[in-house]
Amino acid sequence: RQIIECAKQAETWSGLKAVRPGTRVRVRTTAKETYRAKGRPYVVFESVVEDLEGVPLARGEMTILWPE
């Protein structure tokens, strides 16, 4: 297992449905986009939080300054 240190640049989340305490959820995160700005590499991740039936509860996006 490799741990990579990186700097978070931006993060946004939107709630789609209320979640009760104790509810089991699943989070799926995918790399949505990669790009370079001012010569530095960035990765945009998109996450979806779902209940165990697959109903979306929240969505989020995070941009990371990726180490070279």
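Visitor: What makes the pairing of Lys8 with Glu11 a salt bridge?

Guide: First, a quick heads-up: this is a predicted model. In it, the closest N and O atoms of Lys8 and Glu11 are 2.7 Å apart. The rule asks for a side-chain nitrogen of Lys or Arg within 4 Å of a carboxyl oxygen of Asp or Glu, so 2.7 Å earns the name salt bridge.

Visitor: Is Glu11 buried, partly exposed or exposed, and how do you know?

Guide: Glu11 has 37% relative accessibility. Buried would need under 20% and exposed over 50%, so Glu11 counts as partly exposed.

Visitor: How many salt bridges turn up in the whole structure?

Guide: A search of the whole structure gives four. Two that are worth a look involve Glu50: one with Arg26 and one with Arg28.

Visitor: How do you know that Arg26 and Glu50 make a salt bridge?

Guide: The N to O distance between their side chains is 3.7 Å. With the cut-off being within 4 Å, the pair therefore passes. Arg26 sits in strand β2 (residues 25-37) and Glu50 in strand β3 (residues 40-51), so this contact ties together parts that are 24 residues apart in sequence.

Visitor: And what about Glu50 with Arg28?

Guide: There the N to O distance is 2.8 Å, which is within 4 Å, so this one is a salt bridge too. Glu50 is in strand β3 and Arg28 in strand β2, so the pair links parts that are 22 residues apart in sequence. Because they share partners, these salt bridges join Arg26, Arg28 and Glu50 into one network.

Visitor: Which of the labels buried, partly exposed and exposed do the members of that network get?

Guide: Glu50 has a relative accessible area of 12%, and since that is under 20%, Glu50 is buried. Arg26 is at 39% and Arg28 at 44%. Neither value is under 20% or over 50%, so both arginines count as partly exposed.

Visitor: Now the fold: what kind of secondary structure does the protein have?

Guide: The tally is zero helices and four strands. From the N terminus on, the elements read β-β-β-β.

Visitor: In what order do the strands lie in the sheet?

Guide: The open sheet has the order β1-β4-β3-β2, with antiparallel pairing. Neighbouring strands are turned by 15 degrees against each other on average, direction ignored.

Visitor: What makes β1 and β2 edge strands?

Guide: β1 (7-15) and β2 each pair on one side only.

Visitor: How do you know that β2 and β3 pair?

Guide: Pairing takes at least two bridges, and β2 and β3 are joined by twelve, so they qualify. These two strands run antiparallel. One bridge partnership takes Tyr35 to Tyr42 in β3.

Visitor: What makes Lys38 stand out in its backbone?

Guide: Its phi is near 55 degrees, a positive value in a residue other than glycine. Most residues other than glycine have a negative phi. Lys38 lies in the loop between β2 and β3. At 85% relative accessibility, which is over 50%, Lys38 counts as exposed.

Visitor: Which residues make the nonpolar surface patch, and what area does it have?

Guide: Val19, Val25 and Val27 make it, with about 230 Å². Membership needs over 30% relative accessible area. Val19 has 43% and Val25 has 39%, so these two pass that threshold. Val19 is in the loop between β1 and β2, while Val25 is in strand β2.

Visitor: How far is Val19 from Ala58 in space?

Guide: Their C-alpha atoms are separated by 9.4 Å, although the two are 39 residues apart along the chain. Compare Arg36 and Pro21: they are 15 residues apart in sequence, yet 40 Å apart from C-alpha to C-alpha. Arg36 lies in strand β2 and is exposed, because its 52% is over 50%.

Visitor: How does the radius of gyration of the protein sit against that of a compact globule?

Guide: The protein has 14 Å, where a compact globule of 68 residues would be near 11 Å. The C-alpha trace spans about 45 × 25 × 15 Å along its principal axes. As for burial, 24% of the 68 residues are buried.

Conventions:
Residues numbered from 1 in each chain as written. Predicted model: local features only at pLDDT ≥ 70, side-chain atom pairs only at ≥ 80, totals over all residues. Heavy atoms only, no water. Buried < 20%, exposed > 50% of the residue type's maximum accessible area, 1.4 Å probe, protein only. Axes fitted to C-alpha atoms, helices over the stretch in contact; angles between N-to-C directions. Patch = residues over 30% accessible without salt bridge, like charges linked within 9 Å, V, L, I, M, F, W, Y side chains within 5 Å. Areas by Shrake-Rupley, 256 points an atom, 1.4 Å probe, with all protein chains shown as cover. Rg over C-alpha atoms; globule rule 2.2 N^0.38 Å.
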